[in-house]
Amino acid sequence: MKRLVPGLRYLLRFALITLVYVIAGKIGLAFAVINPSASAIWPPTGIALATIILYGLPLWPAVLTGAFIVNVTTTGTPETSLAIAVGNTFEAVIGAFLVFRFASGKQLFSSPMNVIGFSVLAGALATMISPTIGVYALMRGGFIDSRGIFDVWMTWWLGDMGSVLSITPVILLWTRNHFAMEYKKKWFQVVAYFVLLYVSGYMVFTDVLPFPYLVLPALLWSAILLTQRETSIGVLIITVMAVVATFAGSGPFIDSAWDINRALLLLQLFVCIIAAMSLIVSSVVSQYRDVLGKLLDSEHRFRALTEKSSGAISLIDEAAHIIYTSPSTKTVLGYTQEEFVGSEGFSYLYPRDITKVQKLLASVITHPNKPYTILVRMKHKSGSWLWVEATFRNLMDDPIVRGIIVNYHDITKRRELELAKDEFLMIAAHQLRTPLTKMRWHTEILLAKRNTYPQELAGKLKGLHDYNTYLIRLVNDLIETSKVIQGEIPLTLKSVSPTAIVQKQITAVRALAQERTISLKVNSESGIPSIETDAERLGDIIQNLLTNAIKYTPPEGIVTVSVSRDSYDIHIAVQDTGIGIPKPEQSLLFTKFFRTSMGSSFSPDGTGLGLFIAKSYLDRMKGTIRVESPVETDGTGTIMHIALPMSAKKRHKNAVV
Amino acid sequence: MKKIVIIEDDTDILEVYQEILSQLKYHVFPATSGKLGLQLVAAEKPDLVILDIIIPDSRTRLNGMDVLRRIRKSKPTSHIPVLIISNLSTQKEEAFRLGATEYIEKVNISLDDFTKRVKKLTSP
């Protein structure tokens with residue numbers, strides 16, 4: 001044992017165990033008939049084994065000392081007594097070792113297999129050690145003659161076995177804290193059990209009804225309705241009654257010939273069998289109870305989750321038929337389980353959301369185990385529409401589930417708040433626009449006459465105009481962002497030439513480029529076809545990219561726009577010779593209000609919304625946008641790549657494959 | 001002299017319109033409510049109507065869209081070009097559906113652009 005036993009505690013245990021061992025030994029020897037050293041029931045063996053199992057190997061000297069004292073004060077020489085004591089000690093140590101090795105040690109009562117292992121290994125096998133060594137020592141010392149050897153050995157062995165099976169469990173079960181029950185609730189059963197046990201034992205062993213099996217109902221009662229603890233006590237009581245009665249000459253093991261050898265053998269067999277049987281049945285029941293308890297706990301938890309949660313869980317098949325639904329469906333959607341199960345999932349969806357969900361379901365089916373989340377409107381039983389966030393997960397491959405799990409909860413309130421916030425933003429933005437318009441126009445009127453003002457005033461006026469322009473752009477971007485968030489980007493699709501749109505935007509930013517001494521170049525491949533897209537929004541995107549490129553490029557730089565194509569897409573790239581974008585910031589570039597660390601100082605009038613809007617437009621147009629900015633190499637600057645499908649349909653097919 | 005009816009509830013903006021358009025030799029008829037605007041349109045048969053979308057008129061409950069609808073409905077005025085100039089961006093589609101000739105987001109247009117468009121819309 002690795003654990004260091006504190007000295008005092010060890011000494012106390014040592015003394016106590018030695019004392020208990022000696023007393024138990026003396027009691028046992030009172031029933032020694034064949035030979036003073038070989039008793040019909042030998043309690044010390046069970047105590048010794050329990051000691052080693054509970055407190056570990058370091059307490060073996062207590063067993064040795066106890067056994068020596070008992071024997072040396074009985075018969076025989078110190079040598080013989082020492083040999084017997086060594087045998088007893090070995091038996092306990094080997095028994096404990098076998099229990100730890102093959103029957104889960106201290107947890108041995110946790111499963112029937114362990115109890116069987118304990119009965120066979122510690123009960124039947126290890127108990128052969130002590131009689132073998134003991135009988136040999138007694139024979140060498142001349143205390144028995146060779147003719148009686150087998151009888152002595154047999155009695156010794158069965159006595160030890162009975163002790164291990166009837167006493168060790170009592171000690172182990174009552175010192176360990178497992179499977180204790182609430183006596184307040186079951187006191188009547190406990191009392192009834194002991195009464196029944198005593199009455200049946202009394203009848204059997206006082207020859208009223210001399211049939212040993214009559215003790216079984218009480219023991220089985222305990223094994224099934226009570227715990228292993230009461231059962232082990234019951235076994236011990238019956239054992240004591242049987243031993244006492246047999247020695248008093250009554251009970252079923254005494255026959256007319258009064259053959260004590262035969263009676264003892266029968267008694268010992270009886271004890272071993274009822275002990276092993278009761279313990280095994282009892283452990284089967286407690287394991288069953290344990291498993292059942294865990295199962296009930298887990299069922300209870302599951303029930304709480306599905307009933308009390310604010311979300312509902314349904315199981316659907318590939319065609320969205322509802323196979324199962326949690327009781328909380330009532331809380332979320334108003335339908336009972338009976339109403340919901342068997343119906344068609346699509347029938348609860350807002351008509352315009354159906355295609356969206358069908359598409360999602362197609363992906364869910366082809367991607368087992370991958371979660372997909374979607375925001376949809378579902379009809380509450382009351383007829384109102386709810387915003388529901390649903391997560392789908394395909395568990396078709398799971399042989400027990402065999403379906404798609406849909407987990408959903410009502411986020412109407414959240415959604416309403418979001419919409420209210422966006423609406424507020426929209427109204428606020430519009431309210432801002434009117435005064436901004438007035439500022440703009442008034443400054444423009446004043447600027448028209450700027451030649452008549454002193455230079456300082458004209459400069460301040462220009463500044464005013466610039467700030468006004470910035471505010472207008474910010475408000476416009478805010479309005480656009482709130483539309484994007486609400487999903488309100490209606491596209492006006494027309495067949496347009498990407499090259500023409502690029503040319504138009506180049507013209508639009510020419511003045512700005514000249515002001516900053518940036519030259520603009522266009523490289524367009526020949527044969528770029530027209531594409532079906534929203535010309536206005538594509539124009540906005542390109543303008544945004546061009547403006548950024550010009551703003552973040554130092555004077556004398558070059559901004560190049562190239563237009564090219566491959567089999568599916570039109571590619572538009574805007575390259576500058578500017579300050580570049582650090583790698584860690586590139587992934588954040590398309591998020592709301594993000595401004596690069598260098599960008600903010602280089603050009604303070606950005607809104608941080610342009611690229612977010614551009615990305616949202618492109619998502620809607622089934623296009624893509626990405627950034628390439630190898631900051632390390634000087635002069636390359638940043639390249640923004642846009643790809644737009646030449647045909648939205650073709651692209652979609654490709655995406656599915 | 002070409003006639004323009006401007007229906008706009010914001011008097012500051014109305015003044016700006018008046019100032020610029022008068023310089024360009026237009027005869028401007030300002031109206032600060034939808035009701036008055038409709039009367040002016042019917043009486044003057046202008047060459048152009050400039051209309052703001054939100055005209056809060058608590059008595060008649062006429063908004064810009066209603067005014068547009070009525071101009072188009074009435075035979076003598078249905079041909080008159082209507083330039084919608086507003087700070088609302090959400091009603092563009094509906095305005096065109098009701099027969100608006102052009103739709104401008106007020107804040108996004110410079111006075112230069114504004115006068116160019118007016119000239120274009122009033123030239124035969």
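Which residues line the second largest cavity? In this predicted model, where local features need pLDDT of at least 70, side-chain atom pairs count only at pLDDT 80 or more and totals for chains, interfaces and linings use all residues, side-chain values use heavy atoms, with hydrogens and water left out. Residues are numbered from 1 along each chain as its sequence is written, while chains are lettered from A and ligands numbered from 1 in the order in which they are written.

The lining of the second largest cavity is made up of Thr45(A), Leu49(A), Glu91(A), Ala92(A), Gly95(A), Ala122(A), Ala126(A), Thr127(A) and Val164(A). A cavity here is a set of points, on a 1 Å grid over the protein atoms alone, where a 1.4 Å probe fits but cannot get out, and lining residues have an atom within 4 Å of a point. The space in this second largest cavity is about 40 Å³, a volume being the space filled by probe spheres set on the points, which are joined across faces, edges and corners. At least two lining residues come from each of helix 2 (43-55) and helix 4 (78-102) of chain A, and helix 4 of chain A gives the largest share, 3 residues. Helices (H or I, at least four residues) and strands (E, at least two) are DSSP runs numbered from the N terminus. Sorted by class, the lining has 5 nonpolar, 3 polar and 1 charged residues, where Ala, Val, Leu, Ile, Met, Phe, Trp, Tyr, Cys and Pro count as nonpolar, Asp, Glu, Lys and Arg as charged, and the others, Gly among them, as polar.

A search of the whole structure finds 2 cavities of 30 Å³ or more, and the largest has a volume of about 190 Å³. Its lining consists of 17 residues, of which Gly345(A), Leu349(A), Met378(A), Phe392(A) and Val406(A) are the closest to its centre. Two or more lining residues are given by each of strand 3 (311-316), helix 15 (354-366), strand 5 (372-379), strand 6 (385-394) and strand 7 (404-410) of chain A. The lining of this largest cavity holds 15 nonpolar and 2 polar residues, with no charged ones.

Elsewhere in chain A, Leu219(A) lies in helix 10 (residues 216-225) and counts as buried at 1% relative accessibility, where buried means under 20% relative accessible area, exposed over 50% and partly exposed in between, for a 1.4 Å probe and protein chains only. Beyond its neighbours within four places in sequence, Leu219(A) is in contact with Tyr193(A), Leu197(A), Thr231(A), Gly234(A), Val235(A), Ile274(A) and Ser278(A), contact meaning heavy atoms within 4.5 Å. Among these partners, Gly234(A) is 15 residues from Leu219(A) in sequence, and the two C-alpha atoms are 6.5 Å apart in space.

Turning to chain B, the reader meets 5 helices and 5 strands, which follow the pattern β-α-β-α-β-α-β-α-β-α along the sequence. Of its 124 residues, 53% count as buried, and among the contacts in chain B with a separation of 6 or more, 60% are between residues 24 or more positions apart. The accessible surface of chain B comes to about 6,100 Å², with 49% of that area belonging to carbon and sulfur atoms; such areas come from the Shrake-Rupley method with a 1.4 Å probe, and for residues only the protein chains shown count as cover.

Side chains of opposite charge can pair when their charged atoms come close. Over all chains, the search finds 20 salt bridges, each defined as a side-chain nitrogen of Lys or Arg within 4 Å of a carboxyl oxygen of Asp or Glu. In chain B, one of them joins Glu44(B) to Lys3(B), at 3.3 Å from N to O. Because Glu44(B) lies in helix 2 (residues 34-44) and Lys3(B) in strand 1 (residues 2-7) of chain B, this pair ties together parts that are 41 residues apart in sequence. Glu44(B) is partly exposed at 24% relative accessibility, and Lys3(B) is also partly exposed, at 25%.

Another salt bridge pairs Arg117(B) with Glu102(B), whose closest N and O atoms are 2.4 Å apart. This pair links distant parts of the chain, with Arg117(B) in helix 5 (residues 111-122) and Glu102(B) in strand 5 (residues 102-105) of chain B, 15 residues apart. Arg117(B) is partly exposed, with a relative accessible area of 32%. In chain A, salt bridges that share partners join Asp353(A), Lys356(A) and Arg377(A) into one network.

Key. 1 Å grid on protein atoms, 1.4 Å probe; cavity = no way out; pocket = protein on both sides within 12 Å on 5 of 7 lines; lining within 4 Å.
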